[in-house]
Amino acid sequence: MLDKRSGKIVVVSHCILNVHSLEENLAVYPGLEEEVVNLLIKKGAGIYQIPCPEVELAGIFRKPLPKESYDHPKIRKVYNKLAGSITKTLSWYKKKDYKIVAVLGAEGSPTCGIDFMGRWKENIKGKKEFPRDIEFVSGMGVFMEEFKTSLNKTKIHPDWIGIPGKSLRSLKPEIFAEILNKLDNII
Ligand code: SF4
């Protein structure tokens, strides 16, 4: 590098830098994910913020829903287009030999989860309610599936890391420290 830039870029889900894209009652910070951002600053990584797929699709007043509600061909088409546009931009960075080190998703999200996503529990009788009737199972959110497929067509192979959201942190308090540690080792 001819100047001070590190050549390292981390791609993040929108709400990691702006909690206001989250549905009501899901934010654990006033503005952004402070520990994650502090770590990225310490490591000298540039941050590429993905537009919030759900806000682009359904707006800011939407309710929290499980993956089944978003896993629809029409929604996949919208997400696929967004993923393709981001991949095209990231390919420019790649051409300049910058490294796309990691993609940080929002763990547990039906849209941006990486290793876990929320779905309705089975055998619920009567009206389903969030978060009472949600369970977290292995799997990726719908947008991240489209984004990973899109990036796989290029030679960009980041680490995929899920930053646990409010619900997952309350179920498994140790998970956030483990993920920060993993991130520290990768970047
Ligand atoms: S997890 Fe994804 S869809 Fe949900 S608020 Fe964050 S960026 Fe938007």
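Between which two elements does the loop that holds Asp97 lie? In this predicted model, Asp97 is found in the loop between helix 5 (73–95) and strand 3, and the views below begin with the whole chain before they return to that loop.

**Figure 1. The whole protein, seen as eight helices and six strands.**
When the chain is followed along its sequence, these elements come in the pattern β-α-α-β-α-α-α-β-β-β-α-β-α-α. The radius of gyration is 17 Å, close to the 16 Å that the globule rule gives for 187 residues, and the protein is therefore as compact as a globular protein of that length. The C-alpha trace spans about 65 × 35 × 25 Å along its principal axes, and buried residues make up 33% of the 187 residues. Of the contacts with a separation of 6 or more, 73% are accounted for by residues 24 or more positions apart.

**Figure 2. Strand 3 and the two strands that pair with it.**
Strand 3 is mostly covered, with eight of its nine residues buried. Strand 1 (residues 8–12) pairs with strand 3 in the parallel sense over five bridges, and within this pairing Val12 has Leu104 of strand 3 as its bridge partner. Strand 6 (residues 159–164) also runs parallel to strand 3, to which six bridges join it; here the bridge partner of Val103 is Trp160, which belongs to strand 6.

**Figure 3. The largest nonpolar core, a set of 37 residues.**
The residues with the most contacts inside this core are Val10, Ile16, Leu104 and Phe143, while the element that gives the most to the core is strand 3 (residues 99–107), with six residues. As a general background to this view, nonpolar side chains in soluble globular proteins tend to be buried together. Leu104, one of the residues with the most contacts inside the core, is also the bridge partner of Val12. Phe143, when residues up to four places away in sequence are not counted, touches Pro53, Tyr79, Ala83, Thr111 and Cys112.

**Figure 4. The residues around the ligand, with His14 among them.**
The shell consists of Ser13, His14, Cys15, Ser21, Leu22, Cys52, Pro53, Glu54, Ala106, Ser109, Thr111 and Cys112. Helix 1 (14–17) and helix 3 are the elements that give two or more residues to this shell. By character, the residues of the shell divide into six nonpolar, five polar and one charged. Pro53, Thr111 and Cys112 belong to the shell and are also touched by Phe143.

**Figure 5. His14, a residue of helix 1.**
Is His14 buried or exposed? His14 counts as buried because it has 20 C-beta neighbours inside 10 Å, and 20 or more is the cut-off for a buried residue. Leaving aside residues up to four places away in sequence, His14 touches Ser21, Gln49, Ile50, Pro51 and Cys52, and among these Ser21 and Cys52 are also residues around the ligand. The C-alpha atom of His14 is separated by 17 Å from that of Ile100, a residue 86 places away along the chain.

**Figure 6. Gly59, in the loop between helix 3 (53–58) and helix 4 (67–70).**
With 8 C-beta neighbours inside 10 Å, Gly59 counts as exposed, because a residue with 12 or fewer is placed in that class. Gly59 and Arg169 lie 110 residues apart along the chain, and their C-alpha atoms are separated by 26 Å.

**Figure 7. Backbone details at Asn25, Asp97 and the bond between Phe130 and Pro131.**
Most residues other than glycine have a negative phi, and most peptide bonds are trans. Asn25, in the loop between helix 1 and helix 2 (34–43), has a positive phi near 70°, and this residue counts as exposed, with 9 C-beta neighbours inside 10 Å. Asp97, in the loop that precedes strand 3 and follows helix 5, has a positive phi of about 65° although it is not a glycine, and Asp97 is exposed, with 8 other C-beta atoms within 10 Å. Phe130 and Pro131 are joined by a cis peptide bond whose omega is about 0°, and Pro131 has its place in the loop between strand 4 (116–120) and strand 5 (134–138).

Key:
Residues are numbered from 1 along each chain as its sequence is written. This is a predicted model: local features need pLDDT of at least 70, side-chain atom pairs count only at pLDDT 80 or more; totals for chains, interfaces and linings use all residues. Helices (H or I, at least four residues) and strands (E, at least two) are DSSP runs, numbered from the N terminus. A residue is near a molecule or strand if its C-beta atom, placed from the backbone, lies within 6 Å of it. Ala, Val, Leu, Ile, Met, Phe, Trp, Tyr, Cys and Pro count as nonpolar, Asp, Glu, Lys and Arg as charged, and the others, Gly among them, as polar. A nonpolar core is a set of buried Ala, Val, Leu, Ile, Met, Phe, Trp, Tyr and Cys residues joined through C-beta atoms within 7 Å. Two residues are in contact if their C-beta atoms, placed from the backbone, lie within 7 Å. The radius of gyration is taken over C-alpha atoms; the globule rule is 2.2 Å times the number of residues to the power 0.38. Two strands pair if DSSP finds at least two bridges between them.
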